Amino acid sequence: MPQQPTADIGLIGLAVMGENLALNIADHGFKVAVYNRTTETMRQFIDKNPNTPGGLIACETIEQLVASIKRPRKFIILVKAGPAVDAVVKQLIDAGIATDDIVVDCGNSLWTDTIRREKEYADKCKFFGSGVSGGEVGARFGPSMMPGGDPDSWKHLKTIWEAVAAKVDAKTGTPIETAQPGKPVVGGVPCTAYLGPNGAGHYVKMIHNGIEYIDMQLICEAYFLMKNLLGMKAGELGDVFHQWNEGDLDSYLIQITADILKQPDPLHKGEFLVDYVLDTAGQKGTGKWTSVNALDMGIPANSIAEAVFARCLSALKDERIEASKHLVGPKSNFSGNKQELIAAVRDALYGSKICAYAQGFQLMREAQKEYKWKLNFSEIASIWRGGCIIRARFLQKITDAYTRNPNLVNLLLDPYFNEQIQKGQANWRKIVSLAAENGIAAPAFMSALAYYDGYRAARLPANLLQAQRDYFGAHTYERTDTPRGKFFHLDWPEPTRPQLNIG
Ligand code: NBP
């Protein structure tokens, strides 16, 4: 007699994310059937976790996995984004899943792949996309989950998603961080919400990652400016970040930065690890996707792109070492007040951060038009308050801003953020000037300020630019003294080459 299926959900891919999410789901009393391409990994996982509240079912084959799950079956795929996802879906289809079975890709997939997959597999299963953020610990104890796909499928997933997602306090919006193995958080508001059809979840996750790139870069620039202008040691800088974490900048990334800076080096007594970490940053591509999408849609997410390029520049380590021997610039030379400079860096960081988030949300506004989604920006900010890498006190302010005005055109126009930038902008400008004067690269601070000044400018030099385009390419121009949409072209005179009388 074949056994009755008993699992509530199946999970495929037991690397870092998969094994932690499986344990999280099981902690909430759901029975999870698990499968991994390399069987040994699955066996070791089962052996290490004999007593989970919901229980784990070891599956050595995809067929066993399919047979273990109650109908309609729900599967989570957590394998490397790209062809591996299609390979797994095809295996599931070959193993006989039903058209009403729900296959959820929880990896960092490109949202257009999710849109394509939903269509491609529509007559075989319900393909659904859900971004997951929070890394290993988030997956284990409560990530931020960004689901998008068929709304009927969401009805079947909602209970599990809301159970396993991070929780924030209903009144303050601050994360409730008390989960332990076998003892999940009870109560609180879950950091997940249905975001829209097809690729909406993965799109929002991509924007989350794009924002993560710039958030990290801004912190690095703050660190670097204080280190170079004030000659502060890593441990002391850690104290500064620790202090900042008590205020408006309170966030996971600031908190880990404080911890990282204070970490002693295991090999050199009395020294700090960060000073021995090579200054080349890797990347997996989600920041690049965000920047490419911004370019495709014509949305100025310059700081997000700048954060990606900063990583690219960092990777040219050998070239930079060589260039440092030949290319001259000013030597860092600051003799002002230390505490004032630290406060100014903090303001520059906060102002730039506001612009970075404004860019991310502006991208989502544009994408929803293109894909006909109805994104709820207040809800998106609210599900990023806990569990994910960009979780921050600041996200409650964004939640509030979009609750006050769901049609807010740009975050900078919200009264709270407008006021914050007004309060800090003199300091922000001072820091950008100091960076330039002292020859310290601060591309994120600078580009965020350029975004702010460009966005608030009723008139930009694009009048000249458009005239140039008309001059060499007859691209036409609109005039300031006629209604929009009326285009002109001038038969420009032949280029003149004036004789210069120099000397
Ligand atoms: P990886 O992205 O490193 O992928 C490893 C897993 O994919 C292993 O279980 C591996 O099986 C499986 N796999 C591969 Br590779 N090719 C396969 C194939 N053709 N068929 C079946 N399985 C295949 O794992 P991860 O770091 O846990 O990330 C999983 C997903 O979550 C990715 O999309 C990632 O971008 C995303 N994500 C990761 C993080 C993070 O902090 N790591 C955070 C948020 C999102 P094997 O054991 O047989 O090789």
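## Polar contacts with the ligand

A polar contact is a pair of N or O atoms within 3.5 Å. Asparagine 36 fits that description in this predicted model: a polar atom of the asparagine 36 side chain sits 2.8 Å from a ligand oxygen.

Arginine 37 also takes part. An N or O atom of the arginine 37 side chain is 3.0 Å from an oxygen atom of the ligand. Leucine 14 uses its backbone instead. A polar backbone atom of leucine 14 lies 3.5 Å from a ligand oxygen.

How much of the ligand's accessible area does the protein cover? On its own, the ligand has 900 Å² of accessible area, and the protein covers 76% of that.

## The shell around the ligand

The ligand is surrounded by 18 residues. Those that come nearest are Met17, Asn36, Arg37, Thr38 and Asn108.

Which elements give two or more residues to this shell? They are α1 (16-27) and α4 (83-94). By class, the shell holds ten nonpolar residues, six polar ones and two charged ones.

## A nonpolar patch on the surface

Elsewhere in the model there is a surface feature. Val409, Leu413 and Tyr455 form a nonpolar patch. Together they have about 260 Å² of accessible area.

Where is tyrosine 455 found? It belongs to helix α18, which spans residues 443-455. Tyrosine 455 counts as partly exposed because its relative accessible area is 32%, between the cut-offs of 20% for buried and 50% for exposed. Patch residues need over 30% relative accessible area, and tyrosine 455 has 32%.

Technical notes. Residues are numbered from 1 along each chain as its sequence is written. This is a predicted model: local features need pLDDT of at least 70, side-chain atom pairs count only at pLDDT 80 or more; totals for chains, interfaces and linings use all residues. Side-chain values use heavy atoms; hydrogens and water are left out. A residue is near a molecule or strand if one of its heavy atoms lies within 4 Å of it. A polar contact is a pair of N or O atoms within 3.5 Å; within protein, one must be able to donate a hydrogen and the other to accept it, and residues adjacent in sequence count only if both atoms are side-chain atoms. Accessible areas come from the Shrake-Rupley method with a 1.4 Å probe; for residues, only the protein chains shown count as cover. Helices (H or I, at least four residues) and strands (E, at least two) are DSSP runs, numbered from the N terminus. Ala, Val, Leu, Ile, Met, Phe, Trp, Tyr, Cys and Pro count as nonpolar, Asp, Glu, Lys and Arg as charged, and the others, Gly among them, as polar. Patches are made of residues with over 30% relative accessible area and no salt bridge: like charges are joined within 9 Å, nonpolar side chains (Val, Leu, Ile, Met, Phe, Trp, Tyr) within 5 Å. A salt bridge is a side-chain nitrogen of Lys or Arg within 4 Å of a carboxyl oxygen of Asp or Glu. Buried means under 20% relative accessible area, exposed over 50%, partly exposed in between (1.4 Å probe, protein chains only).
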